[in-house]
Amino acid sequence: MSALDQGVEGAERTLGQLVASATAEMSALVHDEIALAKAELRQDVKRAGIGGAAISIAGVFALFSLPVLSFAAAYGIHNLGLGLAWSFLIVGGAFLLLAGVASMLAVSKFKKVKPPERSIASMKQTAAVVGTVKPHPRPVSDKAVGVARSSS
């Protein structure tokens, strides 16, 4: 029996054993890195979910506060001495004015949207290159063995 078979620590390991050990350690390292990445992603997804829920709740509260603030503005204008109908009309007009400004801003931004010209050019170039490529014929030999496929 060799020293390795007897379990002696100072024994020489063969090249095959060293390669097998290195492969196993690399595999373990890769698995550990993947596990770490999954754990970090889980934490990030959880944080993003909580942040998304919080911003949604804030948006709902802001939406519900809009009518209250509108009434407060209209009654505030009414307390300055203007009629109640005129006060509500002013607040409504202010909202329409804000909506018009926002829609004009949106239209100007939409007009600036252009197709992805570099991507289209790259895809056309790739299609042209791929269109000129011809497959290499494979020689058929008498010794070629077909692959048996199961029907199940």
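**View A. F71 is a partly exposed residue, with a relative accessible area of 45%.** The model shown here is predicted. The value for F71 lies between the two limits of the classification, since a residue is called buried under 20% and exposed over 50%. F88 is also partly exposed, at a relative accessible area of 30%.

**View B. Aromatic rings of F71, Y75 and F88 make up one cluster.** How many aromatic pairs does a search of the whole structure find? The search finds two. In one of them, F71 and F88 meet edge-to-face, with ring centres 5.3 Å apart and an angle of 75° between the planes. This pair ties together parts that are 17 residues apart in sequence, because F71 belongs to helix α2 and F88 to helix α3, which covers residues 84-111. With F88 partly exposed at 30%, the view turns to its pair with Y75, which is edge-to-face as well, at 5.7 Å from centre to centre and 85° between the planes. Here too, distant parts of the chain are linked: Y75 is in helix α2 and F88 is in helix α3, 13 residues apart. Y75 itself counts as partly exposed, having 41% relative accessibility.

**View C. D44 and R47 form a salt bridge.** Their closest N and O atoms are 3.4 Å apart; a salt bridge requires such atoms to lie within 4 Å. The structure holds one salt bridge. Why are D44 and R47 separated by about one helical turn? The reason is that the two residues are three apart in helix α2. The two partners fall into separate classes of accessibility: D44 counts as partly exposed at 43%, whereas R47 is exposed at 54%. The limit between these classes is 50%.

**View D. A nonpolar patch lies on the surface, formed by I57, V60, F61, L63 and F64.** Together, these residues have about 550 Å² of accessible area. One of them, V60, is placed in helix α2, which runs over residues 15-79. Is V60 buried, exposed or partly exposed? With a relative accessibility of 41%, V60 counts as partly exposed.

**View E. Helix α2 contains 65 residues and spans 93 Å from its first C-alpha to its last.** This span is close to the 96 Å expected at 1.5 Å a residue. Where does α2 bend by about 30°? The bend is at L66, and a proline, P67, follows within four residues. Which residues of α2 are buried? They are S21, S70 and A74.

**View F. The whole chain contains four helices and zero strands.** Along the sequence, its elements therefore follow one another in the pattern α-α-α-α. The chain has 152 residues, and buried residues make up 4% of them. Its accessible surface amounts to about 13800 Å², with 69% of that area belonging to carbon and sulfur atoms. The close-up views above return to two of the helices: α2 holds D44 and R47, and α2 and α3 are joined by the pair of F71 and F88.

Conventions: Residues are numbered from 1 along each chain as its sequence is written. This is a predicted model: local features need pLDDT of at least 70, side-chain atom pairs count only at pLDDT 80 or more; totals for chains, interfaces and linings use all residues. Side-chain values use heavy atoms; hydrogens and water are left out. Patches are made of residues with over 30% relative accessible area and no salt bridge: like charges are joined within 9 Å, nonpolar side chains (Val, Leu, Ile, Met, Phe, Trp, Tyr) within 5 Å. Accessible areas come from the Shrake-Rupley method with a 1.4 Å probe; for residues, only the protein chains shown count as cover. A salt bridge is a side-chain nitrogen of Lys or Arg within 4 Å of a carboxyl oxygen of Asp or Glu. Buried means under 20% relative accessible area, exposed over 50%, partly exposed in between (1.4 Å probe, protein chains only). Rings of Phe, Tyr and Trp (its six-membered ring) pair if their centres lie within 6.5 Å; planes under 30 degrees apart count as stacked, over 60 as edge-to-face and the rest as tilted. The expected span of a helix is 1.5 Å times one less than its number of residues. The bend at a residue is the angle between axes fitted to the seven residues ending there and the seven starting there.
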